[in-house]
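The questions below concern the spaces inside a protein and the surroundings of its ligand. Please look at the sequence and the model before reading on.

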Amino acid sequence: MSERRVFSGIQPTAGSFQLGNYLGAIRHWVRLQETYQAFYCVVDLHSLTVPQDPAELRTATMTAYAQILAAGVDPARSVPFVQSHVAEHAQLTWVLQGLTGFGEASRMTQFKDKSTRGGAESASVGLFTYPMLMAADILLYRTHAVPVGEDQRQHLELTRDLAQRFNSRFGDTFVVPEAHIVKETAKILDLQDPTAKMSKSQPGGCVFLLDPPKVIAKKIRSAVTDSETEVRFDPAAKPGVSNLLTILAALTARDVETVAKAYQGSGYGALKADAADAVLAFAEPFAARVRELLDDPGELARVMADGAARAREVAAPVLATAYQRVGLVPAG
Ligand code: TYM
């Protein structure tokens with residue numbers, strides 16, 4: 001087994017993962033567990049940065065964990081765990097907050113977007129320091145590669161800056177991680193507004209993988225395209241059609257140009273129908289597997305506890321080193 005480590009995380013908030021999560025990130029998690037020591041995390045603490053319902057968060061966390069396993073993350077090959085089970089994440093966050101400039105944190109575009117959406121006054125301090133928690137997640141595992149979608153790139157840059165800053169002030173402690181962003185699927189677009197990324201905050205154009213098959217198929221069949229009829233991969237001029245081609249190519253393990261050629265002369269209807277079929281061919285067995293896993297909460301909790309114990313084994317000594325390097329006196 002390689003000594004190189006991969007880490008990634010996903011928020012449990014929506015209950016169901018969406019297609020962008022799967023194509024942009026989780027699919028790559030599954031692949032990377034073959035060649036890296038892999039740590040995959042349901043980041044429940046991140047969900048506390050916006051108002052949440054306690055019962056819903058508990059259910060969503062269990063469901064998110066089940067979805068990671070159902071997608072193919074294998075506890076025998078990787079370490080799937082829940083963030084709040086490993087206290088070191090919150091502890092290292094505090095150290096990193098002291099190293100982050102106020103202006104630097106203010107420049108995070110995701111914070112700017114999210115805080116302006118609900119009104120700047122109602123945004124929490126947690127939303128502001130969110131990227132430092134994400135940096136702590138990554139740095140605790142001395143991570144080399146972080147598979148994420150394009151929207152996380154800026155947070156990864158901040159993580160790299162913090163690792164470098166810590167290392168140069170206090171001595172070599174953290175690995176400076178690389179973002180692992182797979183260009184083809186780095187930004188799956190909203191089906192109703194193909195100028196925006198697919199996101200749970202715009203449910204109309206977002207495919208939730210645990211939705212009923214009929215709902216999923218209808219969303220894809222009614223995807224916004226354009227007023228032409230020609231199927232062509234051209235993200236600038238034809239974002240809607242190109243997005244459907246990207247989705248279909250990724251799910252059928254083909255190159256996007258090959259897929260585009262297959263629909264020359266056949267119009268958008270056939271492309272939409274086939275894209276819907278390809279999504280369902282993944283989503284239906286996926287949802288069935290999630291239900292099966294959730295039907296045995298005792299076993300799920302056991303796998304979770306085992307993941308947390310293995311994560312802690314790696315995280316605890318790294319935190320101890322960081323505490324010691326910044327000048328905190330050990331308890332005993
Ligand atoms: P989250 O929960 O919003 O999304 C999980 C992953 O899905 C990717 N993603 C997309 N990829 C392509 N197209 C889309 N439309 C799309 N929408 C979402 C995201 O880029 C992400 O990789 N802050 C993170 C979670 C996090 C994390 C971490 C990630 C916390 N700590 C440490 C990596 C490492 C987030 O909110 O992702």
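Q: Which helix gives the largest share of the lining of the second largest pocket?
A: In this predicted model, the second largest pocket holds about 460 Å³ of space. Its lining is made up of 20 residues, and those closest to its centre are K183, E184, T185, F233 and T246. The largest share of that lining, six residues, comes from the helix that spans residues 239-251, namely α9.

Q: How many charged residues are in the lining of the second largest pocket?
A: When the lining of the second largest pocket is divided by class, nine residues are nonpolar and four are polar. The remaining class in that lining is the charged one, and its number is seven.

Q: What is the volume of the largest cavity?
A: A search of the whole structure for cavities of 30 Å³ or more finds one. The lining of the largest cavity consists of M108, Q110, F111, K114, L127, Y130, P131 and H155, which by class are five nonpolar, two polar and one charged residues. The volume of this largest cavity is about 40 Å³.

Q: Which helices each supply at least two residues of the lining of the largest cavity?
A: The residues that line the largest cavity include Q110, F111 and K114, and also L127, Y130 and P131. Set against the helix limits, 109-117 for one and 125-139 for the other, the helices that each supply at least two residues of this lining are α5 and α6.

Q: Which elements each supply at least two residues of the shell around the ligand?
A: The ligand is surrounded by 26 residues, of which the closest are Y130, D137, G149, D151 and I188. By class, this shell divides into 12 nonpolar, 11 polar and three charged residues. Among the elements of the fold, at least two residues of the shell come from each of β1 (5-10), α1 (19-32) and α6.

Q: What percentage of the area that the ligand exposes when taken alone does the protein bury?
A: Polar atoms of the protein approach the ligand at several points: a polar side-chain atom of D151 lies 2.4 Å from an oxygen atom of the ligand, and a side-chain N or O atom of Q152 is 3.2 Å from a ligand nitrogen. The backbone takes part as well, with an N or O atom of G20 lying 3.2 Å from a nitrogen atom of the ligand. Taken alone the ligand exposes 720 Å², and the share of this area that the protein buries is 96%.

Note on methods: Residues are numbered from 1 along each chain as its sequence is written. This is a predicted model: local features need pLDDT of at least 70, side-chain atom pairs count only at pLDDT 80 or more; totals for chains, interfaces and linings use all residues. Side-chain values use heavy atoms; hydrogens and water are left out. On a 1 Å grid over the protein atoms alone, a cavity is a set of points where a 1.4 Å probe fits but cannot get out, and a pocket is an open set with protein on both sides within 12 Å along at least five of seven lines; lining residues have an atom within 4 Å of a point. Grid points are joined across faces, edges and corners, and a volume is the space filled by probe spheres set on the points. Helices (H or I, at least four residues) and strands (E, at least two) are DSSP runs, numbered from the N terminus. Ala, Val, Leu, Ile, Met, Phe, Trp, Tyr, Cys and Pro count as nonpolar, Asp, Glu, Lys and Arg as charged, and the others, Gly among them, as polar. A residue is near a molecule or strand if one of its heavy atoms lies within 4 Å of it. A polar contact is a pair of N or O atoms within 3.5 Å; within protein, one must be able to donate a hydrogen and the other to accept it, and residues adjacent in sequence count only if both atoms are side-chain atoms. Accessible areas come from the Shrake-Rupley method with a 1.4 Å probe; for residues, only the protein chains shown count as cover.
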